[in-house]
Amino acid sequence: MGRLDGKVAVITGAASGIGRATAVRFAGEGAAVVIADLNAEGGEAAMREARENGGRAVFQKTNVERGEDIKAAVDRAVKEFGRLDIIFNNAGLGGAVGPIEETTFENWDRTMAILLRAVFAGIKFSVPEMRKVGGGSIISTASVAGLRGGAGPHAYSAAKAAVINLTRSVAIELGKDRIRVNCICPGGIVTPLIYSRLPGGEPVAQQFFSQIQPIPRAGRPDDIAAMALFLASDDSEWVTGTAMVVDGGLTAGSPLSRERMQGRVMPTGGFAGPSFEKQ
Amino acid sequence: MGRLDGKVAIITGGASGMGRATSILFAGEGAAVVVADLNKDGGEATVRDCKENGGRAVFQKTDVSMEAEIKAMVARAIKEFGRLDVTYNNAGIGGAVGPLENISVEDWDKSQAVLLKSVFLGIKHSVPEMRKVGGGSIVSTASIAGIRGFAGLHAYCAAKAGVVNLTRSASLEFAKDKIRINCICPGGINTPILHRNQPGGREAVEEFLKNSQPLPRAGHPEDIAAMALFLASDDSMFVTGQAMIVDGGMTVGASFGRGGGDGGATGIALPPAGFVGPSFEK
């Protein structure tokens, strides 16, 4: 018995990385999946992998910059599988990078269109279909860069913070329809978004990401897929408006807490007493 | 195949409410469970239900504010089941309630002992056993009262905020041992803590909680058990230092942001739809 038996899901950005891992996991748990992506080759490979994992899946070429493409992905779910229970607004990119003064309006707007407007559109077009079946689960990929400064480029950070608070405001509106709205804040996950343009590629990203958070390994797309599964399933029936952080503990501490304080300004054990006492 | 096959879990406050629901769910997912509680009758009933749900379980009488009893509880898991993978520090009370000026130091200290010291002790004594098996998952019940203020619940609010931030600091220390530390912030869950002393009992609380958050039903112990299962299982292998909110959306809005189809109190100040332009426009 799968944890998503009978459910139908749309997953954007499902040709690679987090989206692909989630599509395969959802299919294995009994969901029928629409794999929505710009990348036809990767999307079709993800579709085959999802089917091999025991589920139904179709590929729908989707540019999330275009509202009509997102609408078409939702329509495809209904046409192929008869309903929509879950949408995972996951497609992303790094977007505008570099110093704020050198960021162009064009790059800023395009980043916002893909990272933020696409989430709005995914919610907007899913809601009517979810109402028809008495509820649903909307999940979006935000980021730890939406919670802190300095964990991503400026436009990316702004867009991801907006995804988190859009999640909250929409959760209030859709609670009465039993449509749950949540997002996930991944930390350092090794995906093509990170390593496709990195000199040294995936191994370099693995090595780097294995050292940046308390849990001493890089994050994997499967780590996020597992959280997406929880949020998609009925296990999270009473969870809405949350930003679920999956980051190996990256944001649990302050920058000061990483071993730098211990033994320097604080003793390594015992009890730090009133300051007027002699050690 | 269960999601906790082969794992051994301790659950404090396992005689009732969330601890009981979690014990039964964990047992059904293949875990062996030590049901730890002060309440012997309730604890033994949970053990029977765990066994009926297909798992192994034992009852261990435990006062979570006493270090010797927490040690004994951990020792029981090892003696009965040979290892420890999951500790769920869940036992709780309402504690000192009412106006702050009226709270006695004794009631304050007792609240902190049961709600916060118990979590420290649960972590402290679980960690050595989890290291032996190469890792583990420690889950604690915090509360949305640990991330927001609630009038008349001063001791509870302070203790639960302590649990949230102890979770974070401990997670930093034990990540290298593959011991994950997380907590859950339940919202309005209909448990004996809430309905035991309530005129009208469980039904009255159910009705009251139904409209207390965006999702239009009361929270149930099973909602928290499902999150505890996620955090106990290997599905959350990369999750540590987190306070997971399960509150039907209660803490999502500002205090004026509840209700209204437009998503908040904007219903009064703003038109129901459209676009609000510059204020100098007619």
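In this predicted model, B:Ser137 stands opposite B:Arg180 in β6(B). The two strands concerned are β5 (residues 136-141) and β6 (residues 179-186) of chain B. They run parallel, and six bridges join them.

**The sheet of chain B**

The β5-β6 pair belongs to an open sheet of seven strands. Its order in chain B is β3-β2-β1-β4-β5-β6-β7, with parallel pairing. The edge strands are β3 and β7 of chain B, and each of these pairs on one side only. From one strand to the next, the twist averages 20°.

At the β3 end, strand β2 (residues 32-37) of chain B runs parallel to strand β3 (residues 56-61) of chain B, again through six bridges. Within this pairing, B:Ala36 has B:Gln60 in β3(B) as its bridge partner. What lies on the path between β2(B) and β3(B)? The chain crosses through helix α2 (residues 40-52) of chain B, and the resulting β-α-β crossover is right-handed.

**Helices on the sheets**

Two helices of chain B and one of chain A are set out below. Each row gives the strands met and the angle to one of them.

| Helix | Strands met | Angle |
|---|---|---|
| α1(B), residues 17-28 | β1, β2, β3, β4, β5 and β6 of chain B | about 165° to β1(B) |
| α3(B), residues 67-81 | β1, β2 and β3 of chain B | about 150° to β2(B) |
| α5(A), residues 154-174 | β5, β6 and β7 of chain A | about 165° to β6(A) |

**Helix against helix in chain B**

Two packed helices are described by the angle between their axes and the distance between the axes. For α3(B) and helix α4 (residues 105-132) of chain B, the angle is about 35° and the axes are 9 Å apart. The crossing of α3(B) and α4(B) is right-handed.

Which residues meet here? From α3(B) come B:Glu67, B:Ile70, B:Lys71, B:Val74 and B:Ile78. From α4(B) come B:Leu121, B:Gly122, B:His125, B:Ser126 and B:Glu129. By class, the residues of this α3(B)-α4(B) contact comprise four nonpolar, three polar and three charged.

**The sheet of chain A**

Chain A holds an open sheet of seven strands, in the order β3-β2-β1-β4-β5-β6-β7, with parallel pairing. Why is one side of β3 (56-61) and of β7 (243-246) of chain A left without a neighbour in the sheet? Both strands stand at the edges with a single partner strand each, so each has one side with no neighbour. The twist in this sheet averages 20° from one strand to the next.

Elsewhere in the chain A sheet, strand β4 (residues 86-89) and strand β5 (residues 136-141) pair in the parallel sense over four bridges. One bridge sets A:Asn89 against A:Ser140 in β5(A).

**Domains and the chain contact**

The domain assignment splits chain B into domain 1 (8-251) and domain 2 (257-282). Taken over C-alpha atoms, the centres of domain 1 and domain 2 of chain B are separated by 41 Å.

How many residues does each chain give to the contact between chains B and A? Chain B gives 31 residues and chain A gives 32 residues. On the side of chain B that touches chain A, α5 (154-174), α8 (221-232) and β7 (243-246) of chain B each supply at least two residues. That side of chain B has 14 nonpolar, 13 polar and four charged residues. One of its contributors, β7 of chain B, is also an edge strand of the sheet.

Notes
Residues numbered from 1 in each chain as written. Chains lettered and ligands numbered in written order. Predicted model: local features only at pLDDT ≥ 70, side-chain atom pairs only at ≥ 80, totals over all residues. Pairing = 2+ DSSP bridges. Right-handed = clockwise from strand over helix to strand, strands pointing away. Domains from an automatic or database assignment. Contact = placed C-beta atoms within 7 Å. Nonpolar A, V, L, I, M, F, W, Y, C, P; charged D, E, K, R; others polar. Axes fitted to C-alpha atoms, helices over the stretch in contact; angles between N-to-C directions. Left-handed = near helix turned anticlockwise from the far one by under 90°.
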